[in-house]
Amino acid sequence: MKKVLSLVLSLVLVLSTAAVAFAAGFPDVNSNYSWAQEAINSLSESGVITGYDDGTFKPGKSITRQEAITLFSKALGASEKMNEPIVNLAYGIYEADLAGCEDSYAVKQGAYMVYRKVLTIDEVKEYLSKEKRDVELKRYEAATLIAKALGADAWMKTNPEIDVTFADKDDIPAMALGYVFYATELGIMNGMGDNKFGPNETVTRAQIAVMIRRILDTMDFEYIRGMISSVDTLMNNLSIKTEEGETVKFGVGNSSAIFLDGEKVTLTDLEVGMECVFTFSKESLYQIDAITYEGEETVSGAFRGKVTTNAGTTVKLADITKEEETVTSYKLASNVVIKINGGSGAITDIKNGDYVTIKMSGGLGVSLSAEPKTRKISSVKIENIDTSSNGVVITVLTSDEESVEYTLADNATITRNGKKADFSELAIGDNAELTLDYGEISDIMATGKAKSIEGTIDEITVSSSTSYITISSGGNKSKYPMARDCTITIEGKEATIYDLKLGSYVKLEVSSETVTEIASEAASEALTVTGTIKTINTSYGLVVITYEGLNGQELEKQLFLKDSTKILDTKSGKLLTIKNLNVGNVITAAGTEKLGVYEVSSLMVLQ
């Protein structure tokens, strides 16, 4: 593990294009700069800050804004070799946003400052604009950069009350007051004498040397870079394989920030084979940056040997999908993660004919897994069955609670509950045993139990792969996947999923966890209608009324009266029968409409 202070030995401060290495003891760093002498000498001896051709340091010379961006980004690790992929990633993410700054030598470092959440895009564009980049940096701007780099924004959210006591605090821009307070409280910056901060004074080379020294001592960053070799979300840890081939495991606390391609994620989003950089602050894990690359792909085939030279190792895989064998070579990364039968292994453990899968990234194999040509997997549970142009893909939950996808071979043997079956008879929730041949399911033996469930429809999700129905029963809601050939009937008549209505009472036949049959009663809707009787048929209990629609047009509705229907004459208050009704009566009927049939529970004769 290499500390950032040691990596700073390679930093060259871009303060002068004429700067060259020079030993400590600059003649112009005299007693007037005694407060900066130690910082200048130590950083000069380390090659961090250099002098000029004439042997001077020019401690009183001011630095520009783009010089400041370069310097502070380096202090945050931008020139650390381990962070090179992060710098390139940051530039790739923000290159378009920083259009107009591309001719500044500090544009990459500016993108890195945005990635590290120190500056915003607009702030970097302001610093590196053609009009502002060579403007000398002011002390309040230096305080802002320092404070942001050390986490002031987060601190100020929970500590809004600050007390800047400098005599010239009114000269400090309001937006910079908190940053000045933070930078001076940490001791990175001090006043200028007479209890003044001098916010609009420019920053000199001597001052920046002192600030760099203090920042590096405060941050004490360390970096480790490698390929993720395992992720354990239950124990909250992951392992990486370094370029030297060493495997290192880290615990990931809740306070650790995790980023994938610049987006904040959780540990569950990280995968074996991803390149990542661990940043530590004072030996505590501070941040994880994981990266994926364009052109990532997964290749597989039968192992046909390897070749190892000074340039690295190349493996040969035969394409098992073609009748005539074709062999392709794939170069492996120096820190490739190798798994044999799910455990750690070496490439020498792979046998000819073994089934090998390689994850390729940036033209190199970053992870490789190998297993025998044929293997059996027992005690799995079917989680999903998906059909597409690529065939049938079955997702299973293993005994280790891991979800894994397998393709079902075209000629696979399928049995369910001891009987030969078609893949359409497999059900989500089935327990199964699999036989894999070159990674594809060649044989599957599934078992499932049948049960009946009754309730009302709470939700229906229609999908081209697996549709779901949610049922409310006894105060509980349960969501079930529907079989691809699920039989649906409504009131005994064949129907489709689109005919089902929310609130309808249904009876489900479930196999394992998959619905195979749905029998529904049509949803009833309570209605009240007022109109004039047009026709009466006492034999069928039918009354036809006319009423005015929303647009003023005359509409008809058939009303069915049962023996239990109460008919009331509102004038006399007496109960009537259907035989007492007359064409022309104005009535109001209340009841329910079901499948277009309006059944009346009560009817009032108005006139």
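## Exercises on ring pairs and helix packing

**Exercise 1.** Decide from its relative accessibility whether Phe 57 is buried or exposed.

Solution. In this predicted model, Phe 57 has a relative accessibility of 0%. The cut-off for buried is under 20%. Phe 57 therefore counts as buried. The same step applies to Phe 26: its relative accessibility is 4%, so Phe 26 counts as buried.

**Exercise 2.** Classify the ring pair of Phe 26 and Phe 57 by the angle of the planes, and state where in the chain its two members lie.

Solution. Start with the search of the whole structure, which gives twelve aromatic pairs. For Phe 26 and Phe 57, the ring centres are 5.2 Å apart and the planes stand at 40°. Planes under 30 degrees apart would count as stacked and over 60 as edge-to-face. An angle of 40° falls in neither class, so the pair is tilted.

Next, place the residues. Phe 26 belongs to the loop between helix H1 (4-7) and helix H2 (34-45), and Phe 57 to the loop between H2 and helix H3 (65-75). With their positions 31 residues apart, the pair links distant parts of the chain.

**Exercise 3.** Describe the pair of Phe 166 and Phe 197 in the same terms.

Solution. The distance from centre to centre is 5.3 Å and the planes are at 45°, a tilted pair. Phe 166 is in the loop between helix H8 (152-158) and helix H9 (177-185). Phe 197 is in the loop between H9 and helix H10 (205-219). They are 31 residues apart, and here too the pair links distant parts of the chain. Both Phe 166 and Phe 197 are buried.

**Exercise 4.** Which residues form a cluster through ring pairs, and which charged side chains lie over the face of a ring?

Solution. Trp 155, Phe 181 and Tyr 182 are joined into a cluster by ring pairs. Lys 58 is over the face of Tyr 52, at 4.6 Å from the ring centre. Arg 205 is over the face of Phe 57, at 4.3 Å from the ring centre.

**Exercise 5.** Determine how H3 is oriented to H6 and what their contact consists of.

Solution. The axes of H3 and helix H6 (residues 121-128) come within 8 Å and cross at roughly 130°. That angle lies between the perpendicular range, 65 to 115, and the antiparallel range, over 145, so H3 is oblique to H6. On the H3 side, the contact has Arg 65, Gln 66 and Ile 69; on the H6 side, Glu 126, Tyr 127 and Leu 128. By type, these residues are three nonpolar, one polar and two charged.

**Exercise 6.** How many residues of helix H7 are buried, and what covers them?

Solution. Of the eleven residues of H7 (residues 139-149), eleven are buried. Among them are the charged residues Arg 139, Glu 141 and Lys 148. The cover includes H3, helix H5 (107-115), H6, H8, H9 and H10.

Take Thr 144, in H7, as a single case. Its relative accessible area is 6%, so Thr 144 is buried. Leaving aside residues up to four places away in sequence, Thr 144 touches Ala 176 and Tyr 179. After H7 comes Gly 151, with a positive phi near 90°.

**Exercise 7.** Which residues of helix H4 are buried, and what covers them?

Solution. In H4 (residues 84-94), the buried residues are Pro 85, Ile 86, Val 87, Leu 89, Ala 90, Tyr 91 and Tyr 94. Their cover includes H5, H6, strand E2 (221-232), strand E7 (275-281) and strand E8 (284-291).

Note on methods. Residues numbered from 1 in each chain as written. Predicted model: local features only at pLDDT ≥ 70, side-chain atom pairs only at ≥ 80, totals over all residues. Heavy atoms only, no water. Phe/Tyr/Trp six-rings, centres within 6.5 Å; stacked < 30°, edge-to-face > 60°. Helix = DSSP H or I, 4+ residues; strand = E, 2+ residues; numbered from the N terminus. Buried < 20%, exposed > 50% of the residue type's maximum accessible area, 1.4 Å probe, protein only. Lys NZ or Arg CZ within 6 Å of the ring centre and 35° of its normal. Axes fitted to C-alpha atoms, helices over the stretch in contact; angles between N-to-C directions. Parallel < 35°, antiparallel > 145°, perpendicular 65-115°, else oblique. Contact = heavy atoms within 4.5 Å.
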